[in-house]
Amino acid sequence: MKARGVMAACVTVVLLGMGVSGLARLYGTQEQPAPKDTEADAVKLISGYRQWTKANDEPKYVVPRVAPGSSGPLPVPQKTADPHEGKFLTVYVNETGREQFMAKKIPRFTEGTVIVGEKLPSRETNAAPELLTVMVKRAAGFDPQNKDWEYLVFDGPGKKVAARGKQNESCAECHEVQQPLDNVFRRCLNLEVLNQMR
Ligand code: HEC
């Protein structure tokens, strides 16, 4: 009888301990671990993305001075840019993020939103992407300073993760300038779409 009581007490202590660390995680009081999902899980997140909402009908030309793996301008003097670096970008957003991306002036993306940017070598709509830059909205507390976005880079076919986690700190740093708009640029959208936003 007595032994049982001790055991119950131990179990309670363990459970309480788990509860506290869980709460700490929830409120971001401790550093966030990288997501535990595997490469296969990440690949699944973007599988079939070409069936999602396409934000821009025509691949958008992005001025040379692009960040590696992205469409963004680099903080380098224009004269150092190679004009051949100019690439094309097509953006896709999944159903979870569609309304916020396409229709809201001040978007607030919810967990599960996935945005895929295809970096294309030419204006050809069905050209094979060179790589994919991806933003995934994770659960609250994942990375509160960066609005809980995870940044990933995939190979062109979207079958391999080329970079995630710490290697992608620069993505978050640059996207931070868009803080009032949940760290998303949406420069790919055309005027017609922008004008209809509420
Ligand atoms: C130097 C600034 C900069 C860096 C670094 C950067 N981006 Fe971007 N990113 C941009 C800009 C600007 C756009 C909008 C481009 C456009 O539509 O013309 C953009 C667009 C995107 C989009 C489409 C959604 C949106 O915000 O419009 C995704 C997805 C994306 N970037 C992911 C990444 C990932 C992943 C990385 C890191 C590997 C990264 N970016 C690094 C500036 C940057």
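**Exercise 1. Find which residues Y151 touches, leaving out those up to four places away in sequence, and work out whether Y151 is buried or exposed.**

Solution.
- Start with the contacts: setting aside residues up to four places away in sequence, Y151 touches M135, N168, C171 and A172.
- A word of caution before going on: this is a predicted model.
- Now place the residue. Y151 sits in strand β6, which covers residues 149-155.
- Count the neighbours: 24 other C-beta atoms lie within 10 Å of Y151. The cut-off for buried is 20 or more, so Y151 is buried.
- For a distance check, take E169: 18 residues separate it from Y151 in sequence, and the C-alpha to C-alpha distance is 8.2 Å.

**Exercise 2. See how far you can trust the model: what is the average pLDDT, and what share of residues score at least 70?**

Solution.
- The average pLDDT of the protein is 80, and 71% of the residues score at least 70.
- Then look for weak stretches. Residues 10-32 have a pLDDT below 50, and beyond near neighbours in sequence this stretch makes ten contacts in the model.
- Residues 75-85 are also below 50, with nine contacts in the model beyond near neighbours in sequence.

**Exercise 3. Sketch the overall layout: how many helices and strands are there, and in what pattern do they follow along the sequence?**

Solution.
- The tally is five helices and seven strands.
- Walking along the sequence, you get α-α-β-β-β-α-β-β-β-β-α-α.
- Of the 198 residues in the protein, 30% are buried.
- Next, sequence separation: take the contacts between residues at least 6 apart, and 57% of them join residues at least 24 apart.

**Exercise 4. Work out what surrounds β5: which strands pair with it, and how many of its residues are buried?**

Solution.
- Take β4 (residues 114-120) to begin with. β4 and β5 run antiparallel and are joined by six bridges. To pin down the register, use K119, whose bridge partner in β5 is L131.
- Move on to β6. It pairs with β5 over seven bridges, again in the antiparallel sense, and W149 in β6 stands opposite K137.
- Now the burial: seven of the seven residues of β5 are buried, so the strand is mostly covered.
- Split them by direction. L131, T133, M135 and K137 point one way, L132, V134 and V136 point the other way, and all are buried. In a regular strand, side chains alternate between the two faces of the sheet.

**Exercise 5. Decide how the buried residues of α3 are arranged around the helix axis, and what they pack against.**

Solution.
- List them: in α3 (residues 95-103), the buried residues are G97, Q100 and F101.
- These cover an arc of only 95° around the axis, so they lie on the same side of α3.
- The general rule behind this is that an α-helix has 3.6 residues a turn, so residues three or four places apart point the same way.
- Turn the helix over: E95 and A103, on the other side, are exposed.
- Finally, the packing partners of the buried residues are β3 (87-93) and β4.

**Exercise 6. Identify which residues touch the most other members of the largest nonpolar core, and which elements give two or more residues to it.**

Solution.
- The core has 29 residues, and V91, I115, V116, V134, L152 and F154 touch the most other members.
- The elements giving two or more residues to this core are β3, β4, β5 and β6.
- Zoom in on L152: not counting residues up to four places away in sequence, L152 touches A42, V134, V136, V161, A163, R164 and N168.

**Exercise 7. Hunt for positive phi values: what is the phi of K147, and what is that of D182?**

Solution.
- K147 has a phi near 55°, which is positive even though the residue is not glycine. K147 is in the loop between β5 and β6.
- With 21 other C-beta atoms within 10 Å, K147 is buried.
- D182, which isn't a glycine either, has a positive phi of about 60°. Its place is the loop between α4 (169-175) and α5 (191-195).
- D182 has 22 C-beta neighbours inside 10 Å, so it counts as buried.
- As a contrast, try T125, in the loop between β4 and β5. T125 has 12 C-beta neighbours inside 10 Å, so it counts as exposed.

Notes:
Residues are numbered from 1 along each chain as its sequence is written. Helices (H or I, at least four residues) and strands (E, at least two) are DSSP runs, numbered from the N terminus. Two residues are in contact if their C-beta atoms, placed from the backbone, lie within 7 Å. Two strands pair if DSSP finds at least two bridges between them. The arc is that of the directions from the helix axis to the C-beta atoms. A nonpolar core is a set of buried Ala, Val, Leu, Ile, Met, Phe, Trp, Tyr and Cys residues joined through C-beta atoms within 7 Å. pLDDT is the predictor's confidence in each residue, from 0 to 100.
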